[in-house]
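Subject: Handing over the structure

Hello,

I am passing this structure on to you, with some notes on what turned up in it. Please have a look at it first, and then read on.

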Amino acid sequence: MNPFADFTYFGLLLYVAIPAIILGLFGRSNRAWALVATLAFLGLQFWDPLEVRPGVFVHEIWIVLGYTVWQWAIAQIFLRKKFPGAFTTALILAILPLAVAKYLPDISPQTKFGFFGISYVTFRALDVVFSIRDRVVTAVPPVTYFAFLFFFPTVSSGPIDRFRRFSQDWQRRRTRDEFLNDLDTAVQRLFRGFLYKFIIAALIEKRLMEPLSVGGAAHMVGYMYAYTFYLFFDFAGYSAFAISVSYLLGIHTPENFNKPFLAPNIRDFWNRWHISLSFWFRDHIYMRFLLAAAKGKWFKNKHTASYVGLFLTFGLMGVWHGLEWYYLLYGVYHATLLSGYDWFARWNKTRNYLSGGPVWNAINILLTFHAIAFGLLLFSGRFEPPKLPDREYVVDKLDCDGISGYIWNKEKPNTAAVLDIAMDGKSIGRVTANELRDDLVERGMGAGHYGFHFALPPSARDGNEHWVMPVIVGPPPTVFTGPDFLQPYIVHCDAEKKSAGTPAPTSPTPEPAVTAPKASDTKPAATPATPVPTPTPPPPAATTPVPTATPPPPAPPPVATPSATSPRPAPSSATPAPAPR
């Protein structure tokens, strides 16, 4: 169950909201109900089993509980045991579960570990370690610690709270007036979230991102703007929901966005965009690096230390999102922008270029926005060639003239598949899928010689409906079926005039690849035709749905959530890397 993703989730939230409102109106609102609600929603969210190894399933909730015990034990030991290297050891051990969750599948593809939101929970666990190191946290009560890590409105994608601030809210008992103020904030954020996420972001995705997801340079530019606004409204909407529920339960979760596209420079942008994450990296990575560099006298020039710190900060953020080259490039891009702006601001102190009134301020905002939008285009992965599917079996045309499509098998790119074509349950011929298709060449599918076309016999033009079934020669045979899966492709031609049969979309970019039974793709032409399954209905075990050729919309990256086990992008899973102020 993904938080704030559908209206079923909001229906379940009523079971939290109604008792919280009643308790608050009577001045009885406290942390007890927040804890009960958190436990209930964690159970719902993490009860599904995770296949950690082939055939080995573990409920995610047990991983969550084990993770909690692990992180709490690290904090307790670090509080009580002081020895050389204790801080470094605590940091490594705290990061270890996240590193395993993100990178273990690359080492062992059949192994999975983690849970939805582990990235953001790890940020909170690290905040406790840093706070103990700074001696601003001297005790870590287990219940408060658990609630801090897994407070259910913010567990999957933030905002990222701080342990000291959260603890104060957790221990505070609200009066009726305080509750009414919090309720007012909660209602405002709730409606803002619906507007942002389910109206504006949804319209941008459907009306702009989908049409602009394919095409040339003009479409790429349009997609850049659409994706920039989509990412903001989607993630800001999620954050508004999280803040709304948090305030209802008495936790003043920090804001995450403050009109970021009105920033007049790149430094100010990072004080407005994904604020909780940006400030976390500013305080715990960038500032600590500068302090260590100053104490150790690593650099003769303090500005050099600052620039190195920026690249370190964004490099770590890129690795956090993943090892893909475009995440790392995105980090380098923003570190370069911030370093360049710092140099320009110092050089411009006595020259006052691009400053001096509302017109110049508007120009600065426009320039900053375009720099941001291009960076988010890099982050989106649009410059990454799409990964080829293992197999694709596509019929993209069927009419009275014949049936055509293509067969792609990544494991055998130099071998042409052979198909038997049946009509009304009787074999009418065999064809080899070896025709050149330029659209497949453009997609990077080998030499592109995977197309086929087979002309239907004159008997198809008798005014009746006829079903047509292509079968990839086996063993075992792999059957194509019609667009609705259980029905074959149907063609109907008038006796005197041709008419179109089953509509089929055109290539080049079909929807997700079909996972079909693995089959040998070729046999010599002399091999007897594979028996064609009877028409009504095709055997379920041998059926494989044919994907349409309409290009799918690209998935937006885990906004700031970007853990390997988390479906939210990043942006937010995947949200872009923050920079220090």
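Please keep in mind that this is a predicted model. I have grouped the notes by region.

**Strand E5 and its partners**

A good place to begin is strand E5, residues 417-423. Of its 7 residues, 7 are buried, so this strand is largely enclosed by the rest of the structure. Its side chains alternate: Ala417, Leu419, Ile421 and Met423 point one way, while Val418, Asp420 and Ala422 point the other way. Residues on both sides, Asp420 among them, are buried.

E5 pairs with strand E6 (residues 426-433) in the antiparallel sense, over 7 bridges. Within that pairing, Ala417 sits opposite Ala433 of E6. The two strands make a hairpin with 2 residues between them, and Asp424 has a positive phi near 55 degrees there.

E5 also pairs with strand E9 (residues 465-472), again in the antiparallel sense. This pairing runs over 5 bridges, and in it Asp420 faces Val471 of E9.

**The hairpin of E1 and E2**

Another hairpin is formed by E1 and E2, with 2 residues between the strands. Strand E1 covers residues 49-53 and strand E2 covers residues 56-59; they are antiparallel and share 4 bridges. Arg53 is found opposite Val56 in E2. In the turn, Gly55 has a positive phi of about 85 degrees.

**Ile74 in helix H3**

Helix H3 spans residues 60-80 and contains Ile74. With a relative accessible area of 9%, Ile74 is under the 20% cut-off and therefore counts as buried. Leaving out residues up to four places away in sequence, Ile74 touches Ala90, Leu93 and Ala94. There is also a separation you can check on screen: the C-alpha atoms of Ile74 and Ala125 are 9.5 Å apart, although their positions lie 51 residues apart along the chain as a sequence separation.

**Arg272 in a loop**

Is Arg272 buried or exposed? Arg272 belongs to the loop between helix H10 (266-269) and helix H11 (275-296). Its relative accessibility is 18%, so Arg272 counts as buried. A polar atom of the Arg272 side chain lies 3.0 Å from the backbone oxygen of Lys259. Beyond its neighbours within four places in sequence, Arg272 has contacts with Asn256, Phe257, Asn258, Lys259, Pro260, Leu262 and Ala263.

I hope these notes help you find your way around.

Best wishes

Technical notes. Residues numbered from 1 in each chain as written. Predicted model: local features only at pLDDT ≥ 70, side-chain atom pairs only at ≥ 80, totals over all residues. Heavy atoms only, no water. Buried < 20%, exposed > 50% of the residue type's maximum accessible area, 1.4 Å probe, protein only. Polar contact = N/O pair within 3.5 Å; in protein donor to acceptor, adjacent residues only side chain to side chain. Contact = heavy atoms within 4.5 Å. Pairing = 2+ DSSP bridges.
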